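Dear colleague,

I am handing over the structure we spoke about, and my notes on what was found in it follow below. Please read them with the structure open beside you.

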Amino acid sequence: MVLSLRQCRPPYRDNVRQYIPLEEEVSDSAAARAIELPNRVMVRLKDQVMNVRITATAFFAVSLLSATNPCLAAPWIPPTHYKKSVEVYFGGMRGEYTGSSSLTGEQVFDALSVPDTPQKTTVSDQTILFAGCRYHSCTEKAAIIIGPQDNVLSAALISNKCRTLQRPRKHTTCDETPTLTLFEKPGDTAHAYREILKDWGDTKVADIPVEYQVVK
């Protein structure tokens, strides 16, 4: 018995290779293999669709978890120009807040690594509040007021004021309760943002004690 594949096989044009020409006449066994080919392709396609569905479901679950608890979200670093702006604002200022670095600017930037939801809040037509928390230590949080030139106008940091002591042996100690530290430069308009940053701190830790630090 001889069959023509014109009647038993759909024409494959795009993603499936044409193993046998349409007009080629083949034996029973070859025709049977040709008929099995679409079934095998369909099984593979079904497997691929199932994998896509599983991946999409997992992605949705992670996205939902991140939305409900942003501190469990994947690591995220603010744009480089914000990092530079923070470095310019704080300069070589040093302090002991999170224990991650002796430079105050680096500690503030570390505390922005996981974004708030939303990560940016409009303060006025030309300024925004950019906030987040420290990756793997989300009780440490920071907020910066950004001006129209991406310059830092003021900053705030919530920390337990961790500090390194050298005696009797070198170790790190932290306060039991957090403090909101507001950073301001003298003679500028930073005081205009005090209430905004204090309100931000209050939304994170109710009735949090506040201290002020002058950035020189």
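Asp116 and Lys204 form a salt bridge in this predicted model, with their closest N and O atoms 3.0 Å apart. The pair joins distant parts of the chain, since Asp116 sits in strand E3 (residues 114–122) and Lys204 in helix H4 (residues 194–204), 88 residues apart. Asp116 has 15% relative accessibility and therefore counts as buried, the limit being under 20%, whereas Lys204, at 32%, counts as partly exposed.

A search of the whole structure finds seven salt bridges, and two others deserve a place beside that one. Glu140 forms a salt bridge with Arg134, and here the closest N and O atoms are 2.8 Å apart; Glu140 is buried, with a relative accessible area of 5%. The side chains of Arg194 and Glu184 also meet in a salt bridge, at 2.6 Å from N to O. Because Arg194 lies in helix H4 and Glu184 in strand E9 (residues 179–184), this pair ties together parts that are ten residues apart in sequence. Arg194 counts as partly exposed at 32% relative accessibility, while Glu184 is buried, with a relative accessible area of 10%.

Several of these residues belong to strands, which brings me to the sheet. Six strands make up an open sheet with mixed pairing, in the order E3-E4-E5-E6-E9-E10. Its edge strands are E3 and strand E10 (210–214), each of which pairs on one side only, and the twist from one strand to the next averages 20 degrees. Within the sheet, E6 and E9 pair in the antiparallel sense over five bridges, and Ala156 stands opposite Leu182 in E9. Helix H4 packs on this sheet, where it touches E3, strand E4 (128–134), E5, E6, E9 and E10, and the direction of H4 makes about 160 degrees with that of E9.

Next comes the nonpolar interior. In soluble globular proteins, nonpolar side chains tend to be buried together. The largest nonpolar core in this model has 19 residues, of which Phe90, Val108, Ile144, Leu157 and Phe183 touch the most other members. At least two residues of this core are supplied by each of helix H2 (80–90), helix H3 (104–110), strand E5 (137–146) and strand E6 (152–159), and the largest share, four residues, comes from H2. A second, separate core has 13 residues, including Ile158, Leu180, Leu197 and Trp200. To return to the largest core, Val108 is in contact with Phe90, Ala142, Ile144, Leu157 and Phe183, when its neighbours within four places in sequence are left aside.

The aromatic residues can be followed from there. Four aromatic pairs are found in a search of the whole structure. One of them is formed by Phe90 and Phe183, which meet edge-to-face at 5.1 Å from centre to centre, with 85 degrees between the planes. This pair links distant parts of the chain, with Phe90 in helix H2 and Phe183 in strand E9, 93 residues apart, and both residues are buried. The rings of Tyr97 and Phe183 have their centres 5.6 Å apart and their planes at 80 degrees, so that this pair, too, is edge-to-face, as angles over 60 degrees count as such. Tyr97 belongs to the loop between H2 and H3, and Phe183, in strand E9, is 86 residues away from it in sequence. Tyr97 is buried, with a relative accessible area of 5%, and Phe183 counts as buried at 0% relative accessibility. Tyr89, Phe90, Tyr97 and Phe183 form one aromatic cluster.

One polar residue is also worth finding in the viewer. Is Gln107, in helix H3, buried or exposed? Gln107 is buried, with a relative accessible area of 0%. Leaving aside its neighbours within four places in sequence, Gln107 is in contact with Gly95, Glu96, Tyr97, Thr98, Gly99, Ser100, Ser101, Ser102 and Leu157. Among these contacts of Gln107, Tyr97 is a member of the aromatic cluster, and Leu157 is one of the residues that touch the most other members of the largest nonpolar core.

With best regards

Definitions and conventions. Residues numbered from 1 in each chain as written. Predicted model: local features only at pLDDT ≥ 70, side-chain atom pairs only at ≥ 80, totals over all residues. Heavy atoms only, no water. Core = buried A, V, L, I, M, F, W, Y, C linked by side-chain atoms within 4.5 Å. Buried < 20%, exposed > 50% of the residue type's maximum accessible area, 1.4 Å probe, protein only. Contact = heavy atoms within 4.5 Å. Salt bridge = Lys/Arg side-chain N within 4 Å of Asp/Glu carboxyl O. Pairing = 2+ DSSP bridges. Axes fitted to C-alpha atoms, helices over the stretch in contact; angles between N-to-C directions. Phe/Tyr/Trp six-rings, centres within 6.5 Å; stacked < 30°, edge-to-face > 60°.
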